[in-house]
Amino acid sequence: MLPRPVSFRRGAGEVPFDGAFEVERVAGPAEGYRLSVTSDGVRVQASDDAGEFYARQTLRQLSGPDAFRAVPPGAVTLPVCAIEDHPRFAWRGVMLDVARHFLPKHDLLRYVDLLAVHKLNVLHLHLTDDQGWRFESRRFPRLHEVGGWRPDSRFGDRRSGGMAGRPHGGYYTQDDLREVVAYAAARHITVVPEIDVPGHSRAAVAAYPELGTSPGGVWTDWGVNPAVLKADESTVDFFRQVFDELLDVFPSEVVGLGGDEAEGGDGRFVRRVAQHLHQRGRRPFGWDEVLAVGPLPARTVIASWRGEQPGLTALDRGHDVVMCPEEHVYLDYRQSDHPDEPIPVGTVTTLADVYRYEPAAADRVLGAQANLWTEHLDSPRRLDYAAFPRLSAFAEVVWSPPERDEAEFLARLAEHHLPRLDALGVEYRPLDGPRPWQALPGVPGFPR
């Protein structure tokens, strides 16, 4: 199975299963369950609703790949077994960047389903950046009307100078996002929204030029834009109102404020937005650069992406930490040195690299998340290729016990889990390299 359970004991034989089983609530670890399959039927003991949901996912896995099709089979046979299971980390997350390339709502809902299959429980939505604003603002509609589209996009790595030659745009209405939140909650996934300030804000400045330190349109390039938001009170108040709209849509206790790569940004901006979220009863969530802006509310959560040392520093300062170091869990990075690898950027991060990742200070952190930045992932097919099966490996890292057998995992992945992804229609990267139509010859990257 995947993720691997805490305990799996196989018995002799198989029994028919028509989908019916008994459920009992028992004391145990959060999100945990015990599952038994005997000749007398299927029985689930779960510590909470999430535990019951994950037991259902495990039963789906035991039912064979066809159980993951849109029209699953009727009665199936299950192996006689006893399973005890619960997650290793409370935060088992995926960051999905919908700002660089917009992901239509039906594809976003599909990704919620794919997270649920893998027993992942946090979807961190990066909703705004220099290249696009994806959150409908009813108070300041130019944010999505103007900031929601750009006239062109960089084609491959920025150093090549090439452009795609077509506009790109899209945004989610507040009702769309409420739907996504409810859909995810039914699958025990929390959606954590992020509006990135004071850097990565060119789309907002394109809509309301008075907000920025310099004017300009929605950015058509990738990389770090030196333009940032002003730190004056009127600009901070503008974003307090925008975040208030965000809080009305997203019930998540944790709310992202960005804070990364703000060259020349004023730390007072982040501090005041963080304090506003704190006063509204939410927990600010920032990239690890926010550790340099001065005192933050104690309940601020730090996403440690520039390696793990910032996360260790944050722990020493009393903050909760989510580990997401780029060298281990940035899934937009290239998957091999093979010349057919499409748009090769970043360092090589293989399936095995992801599976070997062990979060530092594992007994002290909230958990970890994998990040999918979409500068070079401009369609659901490209997103599938980058994410899977590396995200499957990551799911096991954050759910299962830390003792791992790589050879056993690869055999289990190939024999059992890739057929499930096939049934789900996921266009993952084959273990031996890209298929011809997954390669993008001639599109320049910038490997490190």
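These questions and answers cover aromatic contacts in a predicted model.

Q: How many aromatic pairs does a search of the whole structure find?
A: Rings of Phe, Tyr and Trp pair if their centres lie within 6.5 Å. The search takes in the whole structure, and its count of aromatic pairs is 16.

Q: Which class of aromatic pair do Phe102 and Tyr172 form?
A: The ring centres of Phe102 and Tyr172 are 4.6 Å apart, and the planes meet at 45 degrees. Planes under 30 degrees apart count as stacked and over 60 as edge-to-face. The Phe102 and Tyr172 pair is therefore tilted.

Q: How many residues apart in sequence are the parts that Phe102 and Tyr172 tie together?
A: Phe102 is in the loop between strand 6 (91-97) and helix 2 (105-117). Tyr172 is in the loop between strand 11 (168-169) and helix 4 (174-185). The pair ties together parts whose separation in residues is 70.

Q: Are Trp287 and Trp373 buried or exposed?
A: Their rings form a tilted pair, with centres 5.6 Å apart and planes at 45 degrees. Trp287 belongs to strand 14 (residues 283-287), while Trp373 sits in the loop between strand 18 (367-372) and helix 11 (380-387). Buried means under 20% relative accessible area. Both Trp287 and Trp373 are buried.

Q: Over the ring of which residue does the charged end of Arg187 sit?
A: A charge counts as over a ring when CZ of Arg is within 6 Å of the ring centre and within 35 degrees of the ring normal. For Arg187, the distance to the ring centre is 3.6 Å. The ring belongs to Tyr183.

Technical notes: Residues are numbered from 1 along each chain as its sequence is written. This is a predicted model: local features need pLDDT of at least 70, side-chain atom pairs count only at pLDDT 80 or more; totals for chains, interfaces and linings use all residues. Side-chain values use heavy atoms; hydrogens and water are left out. Rings of Phe, Tyr and Trp (its six-membered ring) pair if their centres lie within 6.5 Å; planes under 30 degrees apart count as stacked, over 60 as edge-to-face and the rest as tilted. Helices (H or I, at least four residues) and strands (E, at least two) are DSSP runs, numbered from the N terminus. Buried means under 20% relative accessible area, exposed over 50%, partly exposed in between (1.4 Å probe, protein chains only).
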